[in-house]
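Visitor: Before we go further, I would like a close look at a single part of this model, together with enough of its surroundings to place it properly.

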Amino acid sequence: MTLDQLLRAIRASSLILLSNARLWAPNTHVPLETRRAICAYRRELLRMIAAHHWDVCPTRDAHRKEVYYCNGEWICGACERLGIVA
Ligand SMILES: [Zn+2]
């Protein structure tokens, strides 16, 4: 599974990554492949969470109006403003 595939899987299942890049998905079946990919890409996910990257925003529907493009990446302005790292 590539990082892009993992990010799509996270969005499709509305999974939430905590600030330590561990998964928070109570009462949700998460395929083993997805769990393994989260571990494999943990370092990159940590970087994205710390940078408030749009792909790891935990509440995309609520934050959609504040997304902006900066230095080649989409950033969630709401997570950045609120200091949310999920
Ligand atoms: Zn956000």
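Visitor: Between which two elements does the loop that holds His-52 lie?

Guide: His-52 lies in the loop between H3 and helix H4, the latter spanning residues 60-63; the names refer to DSSP runs numbered from the N terminus, where a helix (H or I) has at least four residues and a strand (E) at least two. Before the details, please note that this is a predicted model, in which local features need a pLDDT of at least 70 and side-chain atom pairs count only at pLDDT 80 or more, while totals for chains, interfaces and linings use all residues. Residues are numbered from 1 along each chain as its sequence is written.

His-52 comes after H3, and its phi is positive, near 60 degrees, in a residue other than glycine. As background, most residues other than glycine have a negative phi. His-52 counts as buried because 25 C-beta neighbours lie inside 10 Å; the rule is that 20 or more other C-beta atoms within 10 Å make a residue buried, 12 or fewer make it exposed, and anything in between makes it partly exposed, with the C-beta atoms placed from the backbone.

The helix before this loop, H3, covers residues 42-50 and has a buried side made up of Leu-45, Met-48 and Ile-49. Seen down the axis, these buried residues fall within an arc of 100 degrees, so they line one face of H3, the arc being that of the directions from the helix axis to the C-beta atoms. On the other side of H3, Arg-43 and Ala-50 are exposed. Arg-47, also in H3, is partly exposed because it has 13 C-beta neighbours inside 10 Å; its C-alpha lies 9.9 Å from that of Ser-19, although the two are 28 residues apart in sequence.

The buried residues of H3 pack against E1 and H2, where a contact requires the C-beta atoms of two residues, placed from the backbone, to lie within 7 Å. Helix H1 (3-12) has a comparable set of neighbours, since what covers its buried residues includes strand E1 (16-17) and H2. In H1 the buried residues are Leu-6, Leu-7 and Ile-10, and they sit on the same side of H1 because they cover an arc of only 100 degrees around the axis. The face turned away from that buried side carries the exposed residues Asp-4, Gln-5 and Ala-12. H1, like H3, is followed by a residue with positive phi: Ser-14 after H1, near 55 degrees, and His-52 after H3, near 60 degrees.

These pieces meet in the largest nonpolar core, a core being a set of buried Ala, Val, Leu, Ile, Met, Phe, Trp, Tyr and Cys residues joined through C-beta atoms within 7 Å. It holds 15 residues, of which Leu-17, Leu-45, Ile-49 and Val-56 touch the most other members. The elements that give two or more residues to this core are H1, helix H2 (32-40) and H3. In soluble globular proteins, nonpolar side chains tend to be buried together.

For contrast, consider Asn-71, which lies in the loop between strand E3 (67-70) and strand E4 (73-76). Asn-71 is exposed because 6 other C-beta atoms lie within 10 Å, whereas His-52 is buried; yet Asn-71 also has a positive phi, near 50 degrees, in a hairpin with 2 residues between the strands. E3 and E4 run antiparallel and are joined by 4 bridges, two strands being counted as paired if DSSP finds at least two bridges between them. Across this pair, Cys-70 stands opposite Glu-73 and Tyr-69 stands opposite Trp-74.

Finally, the wider setting of the loop: the protein has 5 helices and 4 strands, following the pattern α-β-β-α-α-α-β-β-α along the sequence. Its radius of gyration of 12 Å agrees with the value near 12 Å for a compact globule of 86 residues, taken over C-alpha atoms with a globule rule of 2.2 Å times the number of residues to the power 0.38. Buried residues such as His-52 make up 20% of the 86 residues.
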